[in-house]
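User: Hey, can you walk me through this one? I'm new to reading structures.
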Amino acid sequence: MTEDKKHKANPTLQAALESLFGTSLGEGASVISLPGGSRLFSTGDESDHLYLLRSGRLGAFRHDEDHDELSLIGIIRPGEPVGEMSLIAGTPHTATVMALRDSDLLAMPREDFFRAIDTHPELLMALSRKMIERARRDIPAVTPNVFAFFAVCERPIHPMVERIATQVRALGYKVAVLDKGFHGTTPEAFSRIEAENDYVLHVAEKHESHWRLLSSRQVDQVFLVADGSEKPDLWQTEGEKSLLHRAPDLILSYENRGDRGTIPGRTRSWLDAIKPTRWFHIGREDVSDLSRIARVVCGHSVGVVFSGGGARAFAQIGALLALREAHIPIDFVCGSSMGAILASTIALEWDNDEIDVRLRDAFVDTSPLDDITFPFIAMTSGKKVDERLEKHFGEAMIEDLALPYFCLSSNLTSGVLKVHKTGRLREALRASISLPGVMPPVVEDGQVLVDGAVMRSFPATMMRNTHLGTVIGVDVTRARGLDPRALSTRHVSAWFARGEWRRGPPIVSVMMRSATITTAADLAQSRAATDLLIIPEPDGVEIRDWKAYDRAVENGYQTTVETLAQLDSPVTTLRKMGRSVHPNIPAFTPDDTSYVDEASKPPARAAKPAPKTVKPAPKAQSK
């Protein structure tokens, strides 16, 4: 059942509101006309009216401090109330409400509203039900379903949008594509087209200015489509932005995107010109890329989040192998600390073999932390890590990665998270893994940056605000401390003789755990932001145990296979269907000592490594 049909099937609140505004008490209501892009009220404004949307569409936004931007939290359609929560509670507005398109509302003053509910208690009950419904939802009750694709390049984009529509239909939805032939269509006709389809895609070429102007006031969200090999026309892009009431998404299209994970284009110049919320690199005829845009449009996109955890994070490689084996698409990816490195391998589109070879070379074959130095700033010089990051990530820029990607570092100068969405990848990774005391911090623009896990080891909540689709979390963080046996100094000579010093002395574990300690409450909040939660438990793998690679990978693979076996619906629909799969996690107790340093344990039998024959199916698509 479509959102429109669900809305019409429950007219109780709408009938009560129309009855209220139609009584003598409603005579004091005023009519407000909001052009698309204008604000009805902002977060923190005093609540002094109850509003009823008569026509058009409004969006409710909340400021996302992590990304420093407004994030859509709900869409309001005709017949629905606006501002009722703050009015009844007597508090300032907690969200910003803007007109997504030209809208008309009725506004009833606070005093008239409270007089009305004295004589119409059914209205208060109906409003209360609506408030509870909105409060319980963690995704917009009504998601965007009308999108515009506006060309900012000479090349026609209509064929590409038709291909995206084909992929939307493959997901089981009815979609209409509207071009300049619909110029002059009445608002009533547009509403009828929307009611008859699950999704509507408007498409306008570069010079179709009159159709663009009309179309921009009829849609929920805009994609600007550019030729990624061209330079932006600054005059043209400024003209485009003047038509839009919120930051658009940007699609950089290519004749042939190629097989590698970075794009030899002009991304940075387009970002500076457009300042988009998100950006996507696609091949114009690449089914895999066009399917990704279709999933983003329909709320079927999949974002994967990787946590920090030192060597334990190798388990996330096994999780990736299992996800690829199951043909689960990945559309967005992020991570913190070691999770940032693993996430970048996906954004770079490395296959399983390349991930295995490169990470073994960088972290397993020889220790990345054995360049011990006088601890004036840190225990190690960080030169070995710098060399390995340069060797494997080169000059790749985050904005040029094939998939939308971000990673985190912690800003010790300002005390806030630093979100790396642009810039040189290896420099962002260096900041994200710079554990205080273990590696020297990174100084960037006068700011001191250290490991992202210091402030947030598992950024699932940030991924959830990035898109409306499923969030998969692979988390190896733990809300428990070190086992005291890991700190034994009784066998220091044997410790040197066995070469254990190469992975760093036990003090490294102390500093790593001290810098990235996670409380049970913080961990629970982050994990709750996922729709599919995978928690590998690589027993006996300590955070600096780089040689335990195979054991950790195998554990992550098996855990993910077992977790996926619990699903009864496609991964791509979990968030849209309001379903989640979280394992039963035993409560943490303070005397839990299962986290043991390998140096204090007898040698374990080598586990069977994850199968190297597992290959991703890059063109496969899961509904």
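User: Okay, at about what angle does helix H4 run to E8?
Analyst: Helix H4 (residues 110–119) runs at about 70° to E8 and lies across strand E3 (49–55) and E8. Angles go from 0 to 180 degrees between N-to-C directions, with axes fitted to C-alpha atoms, for helices over the stretch in contact, and contact means heavy atoms within 4.5 Å. Helices (H or I, at least four residues) and strands (E, at least two) are DSSP runs, numbered from the N terminus.
User: Where do these coordinates come from?
Analyst: It's a predicted model: local features need pLDDT of at least 70 and side-chain atom pairs pLDDT 80 or more, while totals for chains, interfaces and linings use all residues. Residues are numbered from 1 along each chain as its sequence is written, and side-chain values use heavy atoms, leaving out hydrogens and water.
User: Cool. What's the strand order in the open sheet?
Analyst: E1-E8-E3-E6, with antiparallel pairing; two strands pair if DSSP finds at least two bridges between them. E1 (30–34) and E6 (81–82) each have a single partner strand, so one side of each has no neighbour in the sheet.
User: New topic: how many salt bridges are there?
Analyst: The structure holds 31, each a side-chain nitrogen of Lys or Arg within 4 Å of a carboxyl oxygen of Asp or Glu. One of them joins Glu46 and Arg110, with the closest N and O atoms 3.4 Å apart. Glu46 sits in the loop between strand E2 (39–41) and E3 and Arg110 in helix H4, so the pair ties together parts 64 residues apart in sequence.
User: Is Glu46 buried or exposed?
Analyst: Exposed, at 60% relative accessible area, whereas Arg110 is partly exposed at 21%. Buried means under 20%, exposed over 50%, partly exposed in between (1.4 Å probe, protein chains only).
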